[in-house]
Amino acid sequence: MEGLMHTIVLDSETDFDGWRAAARALVQNGVPPETIVWTVADRTPELFAPSALPPCNDAPTFAVSAAFIETARMAILHRDPARFALLYRLLWRMRTVPAIMTNPADADVIRTETMAREVRREEHKMHAFVRFREFGTGAATRFVAWFEPTHHIVELAAPFFARRFASMAWSILTPERCAHWNGHALTFTAGATRADASSDDPLEETWRIYYASIFNPARLKVKAMQAEMPKKYWRNLPEASLIDPLIAEAVRTTQAMIAREAPAPRLARQRKDAPMATPARHKPDSLAALRAEAAHCRACPLWKDATQTVFGEGPEHASLMLVGEQPGDKEDLAGKPFVGPAGMMLDRALADAGIERGKVYVTNAVKHFKFVPRGKIRLHQKPNTPEIRACRPWYERELAAIKPALVIAMGATAAQSVLGKITPIGKNRGRVIDLDDATRALVTVHPSYLLRLPDEDARAREYAAFVKDLKLAASVLRKLKAA
Ligand code: URA
């Protein structure tokens, strides 16, 4: 095989499986990297006839690390035309240096990891900066967005929108690839033009209002803002027309902003008391994948002031899931739910009810800390309905991943998220509620309510009632297991 030139033509820019099959055959047959030209069907001039692949068998040749496969899967979505050759060169070198991916100084490893990182970053940008426009009315309503990604990420990023906007029909058009969702299935078609996603619609104004409401001049850092929202994305964002006037306004409004609570975002068409949709039937993701995705959540403005997303924690298949309101000061810093004073109260009550915390999945309805600064203290603020709604897909996806038999909603915010509507605690307390065929819910008070009670008797009485609710949960679980 040596000496011959090989032209490998992949089906598309994102044809990882094609690259993998070809690379396997080539490496098995000892074909060195410098004798291969990698290209893609669409951009291959006809004079480049594809070479037939050498025969390949299933016998393992050498161990290829899972880390390489994962990184390669991302890096192949990069725009750099040299990526196929680079990945093959790495694979080729892995024959003699199996641990090459662990060498942080290797130029090929550095370039591959950089490409994978840039692709992931672009995926997050797409999640954050796609803006849909509404077309049609009633059953014919469709949402269309125009986006110009740098890398080949449409297929990678589209499932996020399918989960987020599961019940709507939408299309994301890009110059190279378009994604479409009809409420049931994702499909992809060839690229489109900006004119195909024409411009004026009622949602433009909504985005502008929303952006103006979340813009926080006290934290204005123009460079950082441009890094997060690079200028190239601005022209497709309705709210971008506000950026210059808002910056000009910033100094004047800063003092006033510090003195008052940030206004709640005004998102489109949300009545405060409107019930939330029943949890969509998401295809379960692993908790690790969910946690990684949630780390970049920008679905509501709370991420801006919080230290980090505080995702749920506990066994992947816990039969009991506890839902609180939102992380507090300590949780925000530690990145873990219920580790501060409310967490200590919860731990004590769980122990008194005979429930092992290590066996419970503990999470919150809202996953960023909401607060107002008061001197050195960060004062907890109750999340509002748009914030609870924006965060609910994470709870739904945790639910789909864990499939607990029982969910305990602690406090009004958790009850709103778990039951999908605003509902008084007292009305539901002690009642086993069916969430679906396989999942029940109980509602109780939030442990921090116990901490706030001023008199000792009331605290002892309410603590006992809280423990009683947890004992009821333990007994419901036992019965469900025995059934
Ligand atoms: N309160 C909550 O609701 N959740 C936490 O994680 C901590 C305090």
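In this predicted model, Ala390 forms part of helix α13, which covers residues 385-402. With a relative accessible area of 14%, Ala390 falls under the 20% limit and is therefore classed as buried. Although Ala390 and Arg164 are separated by 226 residues in the sequence, their C-alpha atoms lie 9.4 Å apart in space.

Beyond this helix, Lys403 is located in the loop that connects α13 to β12, the latter comprising residues 406-410. Lys403 is counted as exposed because its relative accessibility is 58%, and the limit for that class is over 50%. The backbone of Lys403 has a phi near 50°, a positive value in a residue that is not glycine. Most residues other than glycine have a negative phi.

A positive phi, of about 50°, also occurs at Phe338, again a residue other than glycine. Phe338 belongs to the loop between α11 (329-334) and α12 (341-352), and, with a relative accessibility of 5%, Phe338 is counted as buried.

Phe338 is also one of the residues that surround the ligand, a group that further includes Gly324, Pro327, Gly328, Glu331, Pro337, Ala342 and His446. Sorted by class, this shell consists of four nonpolar, five polar and two charged residues. The ligand itself is placed in the second largest pocket of the model.

Several polar contacts link the ligand to the residues around it, and these involve both backbone and side-chain atoms of the protein. On the backbone side, a polar atom of Glu325 is 2.7 Å from an oxygen atom of the ligand, while a backbone N or O atom of Gln326 is found 2.9 Å from a nitrogen atom of the ligand. On the side-chain side, a polar atom of Asn364 lies 2.7 Å from a ligand nitrogen. The ligand taken alone would expose 240 Å², and 93% of that area is buried by the protein.

A further loop, which runs between α10 (287-294) and β8 (320-324), contains His317. Because its relative accessibility reaches 62%, His317 is counted as exposed. Between His317 and Leu287 there is a separation of 30 residues in sequence, and the distance in space from C-alpha to C-alpha is 10.0 Å.

Note on methods:
Residues numbered from 1 in each chain as written. Predicted model: local features only at pLDDT ≥ 70, side-chain atom pairs only at ≥ 80, totals over all residues. Heavy atoms only, no water. Near = heavy atom within 4 Å. Polar contact = N/O pair within 3.5 Å; in protein donor to acceptor, adjacent residues only side chain to side chain. Areas by Shrake-Rupley, 256 points an atom, 1.4 Å probe, with all protein chains shown as cover. 1 Å grid on protein atoms, 1.4 Å probe; cavity = no way out; pocket = protein on both sides within 12 Å on 5 of 7 lines; lining within 4 Å. Sits in = over half its atoms within 2 Å of the grid points. Nonpolar A, V, L, I, M, F, W, Y, C, P; charged D, E, K, R; others polar. Helix = DSSP H or I, 4+ residues; strand = E, 2+ residues; numbered from the N terminus. Buried < 20%, exposed > 50% of the residue type's maximum accessible area, 1.4 Å probe, protein only.
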